[in-house]
Every structure is written in structure tokens, then in C-alpha cells.
Amino acid sequence: MPYKIEVPRELAASHARHSGDAGRAWIEALPDLAASFLDRWDLTPDGVPSYGVVSLVIPVRRAGGGRAALKLQPANEENDGEPVGLRAWAGAGAVLLLDADPATGTLLLERLDPDRSLATLPDGAEAVRILAGLLARLTALPAPPGLRRLADVAAAMPSTARRALPGLADPEERRLAHVCVSAVRDLLPEPGDRLLHWDLHYGNVLAGEREPWLAIDPKPLAGDPGFDLMPALWNRWDEVVASGDVARAVRARFDLMTETLGLDRRRAAGWTLGRVLQNTLWDLAGGAHRMGPAQRAIGEVMRPLWGP
Ligand SMILES: Nc1ncnc2c1ncn2[C@@H]1O[C@H](COP(=O)(O)OP(=O)(O)O)[C@@H](O)[C@H]1O
Ligand SMILES: [Mg+2]
């Protein structure tokens, strides 16, 4: 009997919410997609699937018995660089890519522990240190050709901001967002050329065997490593708040990251303001009228580090 996966209800809901009819159609076709790749790559299901906001990941065994993970996700601009980035890292600090089908966005990956990520590590400070160490290794490589470029992403921001920022209800937040725009403009002539992950938050670092911790789920971008700090700053945010001094806790994370990556603090602060702007523009496009509290707090800490 052909293998029939059960599509997690939450994953179906998330696709419908984010992609409407196209999302529902992808979910409907997902069982056949899974079956066709199990067949094509000669894989046997080997446990309970995991899922994120976008992907379904099925633990599998390969023909020779080796353990792997089959990642199913719709092919789109967001993730078409994923196999390119993973191939460039070749397993050093990141999950190994075993096979890929760019037409459907499907990947065969080295098996990691789906339930043990840096998001579940009890010691938050240790999680930040491990993440910083990984990010330093990942962003040390030059970006291979064919990836999206921070140069283009950043160049598009000022004009999008001009249209969208009047939608911010709070004048203080508008002022802060304009500081972000001017930082992006100033940094545009030097966008950098390293291989960035773009989404290295704690949940995207899983426990492995080859290395204790490995990055998954990159959205690779060619650019300045300063642009890659934000996910480490604003995730595990409850711990920043619980510290009782948000500004100090953000600065401590930022200092640790910039020291570990060997970055110029001012430039890194400027690119982080660029991420505050990017996140705010995404939120505004999604119907929000305020900055996220973490985005605002991080923006306020970065502002004096960037300059007057
Ligand atoms: N290589 C892997 N081995 C085992 N489990 C994995 C692997 N990659 C991802 N997973 C599991 O699937 C989940 C979603 O994967 P992820 O690549 O982060 O997709 P999304 O884009 O949906 O966030 C992860 O949180 C993890 O539980
Ligand atoms: Mg993920």
C-alpha cells in the first residue's frame, strides 16, 4: 500500500492563512508529493513527521539504511536559495544536504534531533553563545553566485518605507523608523558579500551527532554579517524582558554577537536598524499599525550605537 501521510492540521491552517488558495492547493497535494519523493529517492518513513510554519519534515531511512529527513515545502523565492547555501556550507555548522529537487523545493537532509533545538536549551545565555559561534562560522564564507543579495533587498527599502511608514500610528515609532531608513541609505554602498543565513533563530539550530548543534532552514542572502544578528536578538525575548533591564540585555547579546563575529559595532548596529525596518515593513504590509515591542526596543538600543 502506498504510504499516506497525515497532514498536521496546524500546518494546513498556516498555509491557508499565509497563502490562501495556493496554500490550500499545496496542502491538498502534499500526500502525493511525499509519496512521490519516498519512491523517487528510495526512502522509507521512519518515525513521526515534524513541521514548522511552512515545511513538513519526515524522518526517513535511505536504501542503505542511513537515517535522513525529507523536507517538503513549496518552491518559492523565500527558500530557493536553501540548497545553494547548504551546499556551500557543506555540513560545516549546518545540516548536510543529501539531495534536492529545486522544481518542487524538496530537500533530503542529514537527520538531526527534531525535538532538541536551541529554543529548548534551558540556559538562555548559553543558547546565545552557541548561536553566535555558529553564525561566525556560517558568515565567514563568501556567498556563492546565484543568491539574493542584500544590496538589492536594502536598495528597495527606502521607497517601500516612503509609502508604508505613514501607516505607523505612533510618531515616536515613525521617527525611529526614519532613523532606520537613513542607516540603510548610508550603508547601501557597502552591502557586503558573505553567505548569510537570514533566519538563524534558536529554533533553527538542532542537536546533531556530527556536531553538537547545526543550523537548519536558511534563507541565504549575500551580504554583511551585521544584517544577520537580528534573529538572535529578538527571539527568546521573554528572557530579555525577565532580566528587568531590556536595554542592557539587548546590548549584552549584541556585544557578544559582534565580538564573536569580529564585527564593527557601528556598522552592525546600522544593519540591525535595517532589520528593524524590514520587520516593521513586513508587519505594516500585514495590516499592523505599530512596531513590534521587541523591534522598537532593539531599535532604541541600536540608535545611539549607530550615531547621532
Ligand atoms: N534535518 C532535520 N532532521 C530532523 N528534523 C528536522 C530536520 N530539519 C527540520 N526538522 C524538523 O522540522 C521542523 C521544521 O523544519 P524547518 O526547516 O525549520 O522548516 P520551517 O521552514 O517550516 O521552519 C524543525 O523545527 C524540526 O523539528
Ligand atoms: Mg524553521
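**Notebook: strand β6 and an aromatic cluster**

I looked up Leu97 and found that this residue stands opposite Leu109 in β6. The model is a predicted one, in which local features need pLDDT of at least 70 and side-chain atom pairs count only at pLDDT 80 or more, while totals for chains, interfaces and linings use all residues. Residues are numbered from 1 along each chain as its sequence is written, and side-chain values use heavy atoms, with hydrogens and water left out.

I then followed the partners of β6, taking strands (E, at least two residues) as DSSP runs numbered from the N terminus, as are helices (H or I, at least four), and counting two strands as paired if DSSP finds at least two bridges between them. Strand β5 (residues 97-101) pairs with β6 in the antiparallel sense over four bridges, and in their hairpin, which has four residues between the strands, Gly105 takes a positive phi near 80°. Four bridges also join β4 (residues 67-72) to β6, again antiparallel, with Leu107 as the bridge partner of Lys71. I noted that five of the five residues of β6 (residues 106-110) are buried (under 20% relative accessible area, with over 50% exposed and partly exposed in between; 1.4 Å probe, protein chains only).

Next I searched the whole structure for aromatic pairs and found three (ring centres of Phe, Tyr and Trp, its six-membered ring, within 6.5 Å; planes under 30 degrees apart stacked, over 60 edge-to-face, the rest tilted). Trp198 and Phe227 form a tilted pair, at 6.4 Å centre to centre and 55° between the planes. Ring pairs link Trp198, Phe227 and Trp271 into a cluster.

Notes. Chains are lettered from A and ligands numbered from 1 in the order in which they are written.
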